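Colleague: Please take a close look at the part of this model where helices pack against each other, and then follow the chain outward from there. I would like each term explained when you first use it.

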Amino acid sequence: MDAPRRVTAVLGPTNTGKTHHAIERMLTHRTGVMGLPLRLLAREVYDRIVAKIGPSRVALVTGEERIVPDRTQYWVCTTEAMPLEIGADFVCVDEIQLCADPDRGHVFTHRLMHARGLVETLFLGADTMRGAISGLVHQHSYVKRDRFSTLSYAGSKKISRMPPRSAIVGFSVENVYAIAELIRRQKGGCAVVMGALSPRTRNAQVDLYQNGEVDYLVATDAIGMGLNLDIKHVAFSSTSKFDGRRMRPLTAQEIAQIAGRAGRHTEDGTFGVTGETRPFDPELVEAIESHRFSPVKKLMWRNADLDFGSAERLIRSLEAPTSNDWLSRARDADDVLALKALTAMPEVMARVTDAKRVALLWDVCRIPDFRNGSDADHAMLLARIFDFLCGRGLGGGRIPGDWLAKAIARIDQTTGDIDTLSRRLAHIRTWTYVTQRKNWVDDESHWRGETRAVEDRLSDALHAALTQRFVDRRTSVLLRRLKQKEDLVAEVNDKGEVTVEGQFVGRLEGFRFQQDATGSLDEAKTLQSAAMAALRPEFHLRADRFYNAPDTEMDFTEQGGLMWGSSAIGKLVKGADVLKPGVEAFVDEEAGDEVAEKVRRRLQHFIDRKVAALYEPLLAMARDEALTGLARGFAFRMTEALGVQPRDAVAQEVKELDQDSRGALRKHGIRFGQYTIFLPALLKPAATRLRLVLWSLWNGLSEFPESPPPGLVTIPNVAEVPKQHYTLAGYHPAGTRAIRIDMLERLADILRQKDSRAGFEATPDMLSITGMTLEQFSDLMGGLGYKGEKAERVKVKAAEPAPTPAPAVDEALQAAIAAGQPIPEEVSILSPSPPAPAPEAAEGEAEGTDEAAAAPEMESFYTFTWAPKPRFQRPERGPRPERPQGAVPQGERPQGDRPRNDRPKGDRRDRKDGDGAKGGKPKGKFAGKRDDRHGDKHGERPQGAKTYESRPPRPEKPIDPDNPFAALLALKGKV
């Protein structure tokens with residue numbers, strides 16, 4: 001006799017171990033079937049059983065997934081996909097309270113009334129189903145299970161104050177994303193779980209939460225159906241949801257189902273609200289905490305005895321009423337609505353010819369609308385699939401492989417944002433469901449594998465997109481380590497990039513931490529705290545390295561910054577003396593006073609040594625006690641001017657210096673130039689850069705003048721730049737250019753040798769010193785007080801050396817023999833004299849000479865005369881009485897056109913240092929004096945004048961016959 005079939009209702013709140021009990025009971029039987037409300041939960045249970053007994057005896061069957069080994073003993077399925085016809089020893093249906101669900105309740109009610117195991121049947125669910133089960137199931141037992149932990153109400157909490165290991169529940173995709181984004185900014189990130197996710201994506205997201213990478217979970221009500229997670233607090237961001245038809249408030253049972261996810265096993269949990277959700281009423285809180293709810297009075301039901309005689313008869317059978325008081329006919333589900341839409345299409349009804357076609361049509365209409373598009377689009381897709389399946393024979397068709405391949409190829413793209421990837425996942429779920437139906441496609445295993453592979457790729461891409469958007473791994477890792485109060489490990493690479501626990505947090509520039517700006521403002525505090533906690537030891541190590549670093553690793557910028565390599569670590573500030581600047585170190589406060597003081601001392605040592613090295617001549621002059629009186633005062637003035645100052649600024653002091661004082665100053669390197677008083681050693685590029693910085697600091701400039709590039713003799717003279725800046729940079733403005741001070745003094749030395757009254761031309765030496773063209777040099781001379789007059793003349797070409805005539809060869813030989821010297825190279829005794837040119841050639845040369853004379857090559861030249869600008873405007877005088885031409889008033893001497901006030905000034909005794917007059921007065925006792933006999937300057941001989949010598953002519957010596965040159969002379973005669 002067969003053993004009686006046991007039916008047991010295991011009822012109780014969440015966290016009572018009902019699912020675990022059912023798994024243990026099923027594994028004690030030879031075969032078993034377990035129905036679960038969600039595909040995600042089915043996958044979780046399947047994985048748990050596989051971990052216990054291996055995959056070879058466990059099958060997973062859902063609408064979109066089918067894993068059925070050959071030796072299957074245990075079936076884990078969604079409730080809709082449960083195989084009731086196999087006759088399993090054990091049958092279990094979880095979450096049986098869903099019999100009251102308006103959409104899916106009729107499926108659970110059917111399983112409650114008809115699903116039975118050969119040996120044992122379990123119904124798991126809430127205690128509210130106790131009366132309904134008693135009214136519909138005869139001969140059953142009842143087991144009540146109590147909650148392992150306590151669930152209590154925690155009130156309302158802001159998301160910013162949400163405790164770790166919390167789940168925030170939303171009821172729309174937009175709400176879930178908004179909350180997740182807020183948590184990412186404030187808490188470092190969260191995992192996202194929704195019913196629309198594929199199991200692969202859901203598992204990957206859950207792993208983020210379970211392994212501690214994130215402390216927060218944002219989910220829909222999908223977590224309320226058996227997902228076992230380490231949750232300590234559940235917060236509701238809303239208490240209403242859209243059920244597919246309308247927005248409605250959550251029932252107390254639904255709130256308790258979700259809130260019960262808090263507190264796993266023996267750990268207590270809390271629940272509450274967040275955001276703008278109103279706090280729960282005390283009555284609702286009491287019901288949830290005590291697990292007492294109103295019992296279920298009505299179960300949703302739909303007739304399962306269908307009539308496939310025709311489409312109309314099928315619809316009537318689906319709409320058949322019930323007479324059972326516990327049951328209520330369910331509203332039309334999506335499959336019934338799709339059936340009604342297809343039967344309204346003539347092209348579809350034309351193919352519905354018998355009961356088999358009606359059954360096929362019903363199977364097609366049961367394809368879920370995973371895409372959640374419009375009803376019309378879903379109906380058109382179903383009609384197309386039905387048309388393919390009808391084919392030529394009676395339901396013997398297949399969905400074409402090429403059409404299916406194109407549809408899958410359009411979906412198989414892993415690029416795009418979260419919404420795009422979610423839509424593609426919904427589309428591929430449709431084709432996954434289709435390929436799971438028997439005899440709908442050719443090569444079923446191929447297409448099942450193909451759709452599964454596409455779903456996996458899209459799932460991975462969606463997980464990556466969710467993680468990238470809603471998880472800041474850097475902040476989450478740092479927050480977790482900070483809360484654990486562990487020592488954080490910081491690393492700084494050669495580029496200054498700072499990583500804490502492997503996460504990039506910013507850059508360390510010198511001793512200042514520059515936080516990564518790519519994160520949000522809400523992350524800044526976390527990054528700053530983590531970075532500073534980890535960088536404190538690094539600051540001390542870096543300070544020690546900097547203190548022991550050589551001066552060659554440091555430098556100053558033209559704006560007064562102080563650099564260590566490529567990092568700015570301080571700046572120069574005004575000190576007690578122009579040559580004693582102070583320093584300000586750039587050190588974060590978190591580094592500590594000890595580090596800051598060590599950095600400041602090292603910077604002060606560096607700049608003190610830099611000043612001492614570059615300005616050693618100036619400092620030595622200031623320390624020289626041998627300088628007294630006016631010389632010491634002038635040395636002080638030079639120190640104040642940092643070794644360079646215009647001569648006209650200290651003209652009176654220079655005039656008062658005697659030769660001994662000047663000599664003492666020259667020993668220290670001071671040069672008294674015609675335009676500038678300077679120390680040549682301080683005109684080097686490094687000293688010039690430092691001079692501009694020190695002067696700018698001392699005078700409180702906000703923007704420092706920059707030094708010109710080294711090696712330039714002249715630079716542009718910009719009108720907006722003060723003349724003093726050029727002087728400090730070692731240049732003297734003249735015209736449109738400014739010339740280097742030392743080169744200007746060399747030019748002045750040459751100009752003093754020229755006659756500035758009569759005029760002179762520019763020599764190659766002048767142009768070479770300045771590196772200018774003739775026109776540029778004329779502009780420079782104009783800036784120095786000279787007037788240049790431009791003119792043209794015939795360019796004189798260098799004459800070609802004429803061949804030496806024979807008589808000249810003889811004379812050269814005789815002279816060499818007489819002097820005992822070798823024969824000059826240009827004299828050849830072997831080459832004959834060139835023949836006289838032919839008359840025709842001579843005529844051609846004459847014609848060429850005439851053409852050249854007709855168009856001579858011209859060249860431009862300048863004549864420079866001293867013409868300084870007058871220092872003041874003379875008052876106008878009345879007309880002078882006429883004098884005879886050439887008459888000179890008594891007491892006056894001719895002055896030409898030279899203004900009286902333009903006489904060169906300076907000490908004649910110091911002319912060798914450039915103290916002479918500007919323009920260079922002609923030297924020599926008779927310079928500029930006229931010769932009464934010839935009317936020319938003294939020393940210039942008139943053309944054709946004879947020359948006379950005071951000594952008698954030298955007598956000719958007889959040729960020594962033993963001289964070797966005598967033989968050559970004889971040979972010359974023979975040739």
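Modeller: A residue is called buried if its relative accessible area is under 20%, exposed if the figure is over 50%, and partly exposed in between, with a 1.4 Å probe and protein chains only. By that rule C190 is buried, because its relative accessibility is 0%. This is a predicted model, in which local features need pLDDT of at least 70 and side-chain atom pairs count only at pLDDT 80 or more, while totals for chains, interfaces and linings use all residues. Residues are numbered from 1 along each chain as its sequence is written, and side-chain values use heavy atoms, with hydrogens and water left out.

The helix pair to start with is α15, residues 418–436, and α16, residues 444–470. Helices and strands here are DSSP runs numbered from the N terminus (H or I over at least four residues for a helix, E over at least two for a strand). The two helices pack at an angle of about 160°, and their axes are 9 Å apart. An axis is a line fitted to C-alpha atoms, for helices over the stretch in contact, and angles between N-to-C directions run from 0 to 180 degrees. α15 and α16 are therefore roughly antiparallel (over 145 degrees; under 35 is roughly parallel, 65 to 115 roughly perpendicular, the rest oblique). The crossing of α15 past α16 is left-handed, that is, the near helix is turned anticlockwise from the far one by less than a right angle, whereas clockwise would be right-handed. In their contact, 13 residues are nonpolar, six are polar and four are charged (nonpolar: Ala, Val, Leu, Ile, Met, Phe, Trp, Tyr, Cys and Pro; charged: Asp, Glu, Lys and Arg; polar: the others, Gly among them).

The loop between α15 and α16 contains D443. D443 is not a glycine, yet its phi is positive, at about 55°. E95 likewise has a positive phi, near 55°, and is not a glycine. E95 sits in the loop between β6 (90–93) and α3 (105–114), and its relative accessible area of 8% makes it buried.

F470 in α16 leads back to the region of C190. The C-alpha atoms of F470 and A191 are 7.3 Å apart, although their positions lie 279 residues apart in sequence. A191 belongs to strand β11, residues 191–193, and is buried at 0% relative accessibility.

A second helix pair is α10 (334–343) with α13 (375–390), packed at about 70° with axes 10 Å apart. At that angle α10 is roughly perpendicular to α13, and their crossing is right-handed. C390, buried at 0%, falls within the residue range of α13. The structure has zero disulfides, a disulfide being a pair of cysteine sulfur atoms within 2.5 Å.

Two buried loop residues come next. R165 lies between β9 (151–156) and β10 (166–169) and has 10% relative accessibility, which counts as buried. Its side chain reaches the backbone oxygen of Y209 at 2.8 Å, a polar contact (N or O atoms within 3.5 Å; within protein, one able to donate a hydrogen and the other to accept it, and sequence neighbours counted only if both atoms are side-chain atoms). V296 is in the loop between α8 (282–290) and β17 (299–301) and is buried at 14%. V296 and M129 are 167 residues apart in sequence, with 5.8 Å between their C-alpha atoms.

Further along the chain, E594 in helix α19 (593–614) is exposed, at 56%. From E594 to H540 the C-alpha distance is 8.6 Å, at a sequence separation of 54 residues. W866, in strand β34 (858–866), is buried at 15%. W866 and S756 are 110 residues apart along the chain, and their C-alpha atoms are separated by 5.3 Å.
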